[in-house]
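Please open the structure in your viewer and keep the sequence panel visible beside it, since each stop on this tour begins with something to select.

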Amino acid sequence: MALVALSFSGAIGLTFLMLGCALEDYGVYWPLFVLIFHVISPIPYFIAKRATYDSDATSSACRELAYFFTTGIVVSAFGFPVILARVSVIKWGACGLVLAGNAVIFLTIQGFFLVFGRGDDFSWEQW
């Protein structure tokens, strides 16, 4: 059930992103570059998870650095459409749709890690 809900919310987020690009009033596809931020946002977490084997520690420098880089990537994903709208490359309505899509997609990514990443018996080889 959780996987179905995550799939549905991811589809909703991508729909917002596509609407921000493809509606007749907007018609500019520059906001699709935020997909790069969506793809690379979990990478620092994967690297930190692989590099730190001590699950007993509440915090490690590697994990904190991964959180820092992930935060920078997420903030950049929200800032990119605002900058595009500010310099009049896209319209503000498209910016709003892209920001809504970003919020839904990043919450979906976080939900995936909360649902599937906490178990001790979880293995990435299942995917």
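Begin by selecting Met18, which lies in helix α1, the helix that covers residues 2-22. Keep in mind throughout that this is a predicted model. Met18 counts as partly exposed, because its relative accessibility is 38%. If you show the surroundings of Met18 and set aside residues up to four places away in sequence, you will find that it touches Leu23 and Leu32. Then add Tyr29 to the selection: Met18 and Tyr29 are eleven residues apart along the chain, and their C-alpha atoms are separated by 8.6 Å.

Now step back and colour the whole chain by secondary structure. The protein chain contains five helices and zero strands, and read along the sequence it follows the pattern α-α-α-α-α. Of its 127 residues, 31% are buried. Among the contacts with a separation of 6 or more, 62% are between residues 24 or more positions apart. If you switch on the surface, the accessible area of the protein chain comes to about 8,200 Å², and 69% of this belongs to carbon and sulfur atoms.

Next, select the largest nonpolar core, whose eleven residues are Leu17, Val34, Phe37, Tyr45, Ile73, Ala77, Val98, Ile105, Phe106, Ile109 and Phe113. Helices α2 (34-40), α4 (61-86) and α5 (92-116) each supply at least two residues of this core, and the largest share, five residues, comes from α5. A second core, separate from this one, has five residues, including Leu84, Ala85, Ala94 and Cys95.

Which residues are in contact with Val34, leaving aside its neighbours within four places in sequence? Centre the view on Val34 and you will see Leu17, Ala77, Phe80, Pro81, Val98 and Asn102. While Val34 is still selected, add Ser76, a residue found in helix α4. Ser76 and Val34 are 42 residues apart in sequence, yet their C-alpha atoms are 8.7 Å apart in space. Ser76 counts as partly exposed, because its relative accessible area is 32%.

From Ser76, extend the selection to the whole of α4. This helix has 26 residues and reaches 37 Å from its first C-alpha to its last, which is close to the 38 Å expected at 1.5 Å a residue. Look along α4 to Gly79, where the helix bends by about 25 degrees, with a proline, Pro81, following within four residues. The buried residues in α4 are Arg63, Ala66, Ile73, Ala77, Pro81, Leu84 and Ala85, and the buried residues of this helix pack against α2, α3 (43-51) and α5.

Continue past the end of α4 and select Ser88, which is found in the loop between α4 and α5. Its phi is near 65 degrees, a positive value in a residue other than glycine. Is Ser88 buried or exposed? Ser88 counts as exposed, because its relative accessibility is 62%.

For another loop serine, select Ser41, whose place is in the loop between α2 and α3. Ser41 counts as buried, because its relative accessibility is 4%. Leaving aside neighbours within four places in sequence, Ser41 is in contact with Thr70, Ile73, Phe106 and Ile109, and of these partners Ile73, Phe106 and Ile109 are listed in the largest nonpolar core.

Now move to helix α5 and select Ala94 there. Ala94 counts as buried, because its relative accessibility is 1%. Not counting residues up to four places away in sequence, Ala94 touches Gly20 and Tyr26. Ala94 and Leu84 are ten residues apart along the chain, and their C-alpha atoms are separated by 9.9 Å.

For the last stop, turn to the database record. In an unreviewed entry, UniProt lists residues 32-53, 65-84 and 90-116 under "transmembrane region". Select residues 65-84 and you will see that the span is 100% helix and 0% strand, with its end C-alpha atoms 28 Å apart. Then select residues 90-116, where the chain is 93% helix and 0% strand and the end C-alpha atoms lie 36 Å apart.

Key: Residues are numbered from 1 along each chain as its sequence is written. This is a predicted model: local features need pLDDT of at least 70, side-chain atom pairs count only at pLDDT 80 or more; totals for chains, interfaces and linings use all residues. Side-chain values use heavy atoms; hydrogens and water are left out. A nonpolar core is a set of buried Ala, Val, Leu, Ile, Met, Phe, Trp, Tyr and Cys residues joined through side-chain atoms within 4.5 Å. Buried means under 20% relative accessible area, exposed over 50%, partly exposed in between (1.4 Å probe, protein chains only). Contact means heavy atoms within 4.5 Å. The expected span of a helix is 1.5 Å times one less than its number of residues. The bend at a residue is the angle between axes fitted to the seven residues ending there and the seven starting there. Accessible areas come from the Shrake-Rupley method with a 1.4 Å probe; for residues, only the protein chains shown count as cover. UniProt positions are given in the numbering used here, feature names are shortened, and annotations may be inferred rather than shown by experiment.
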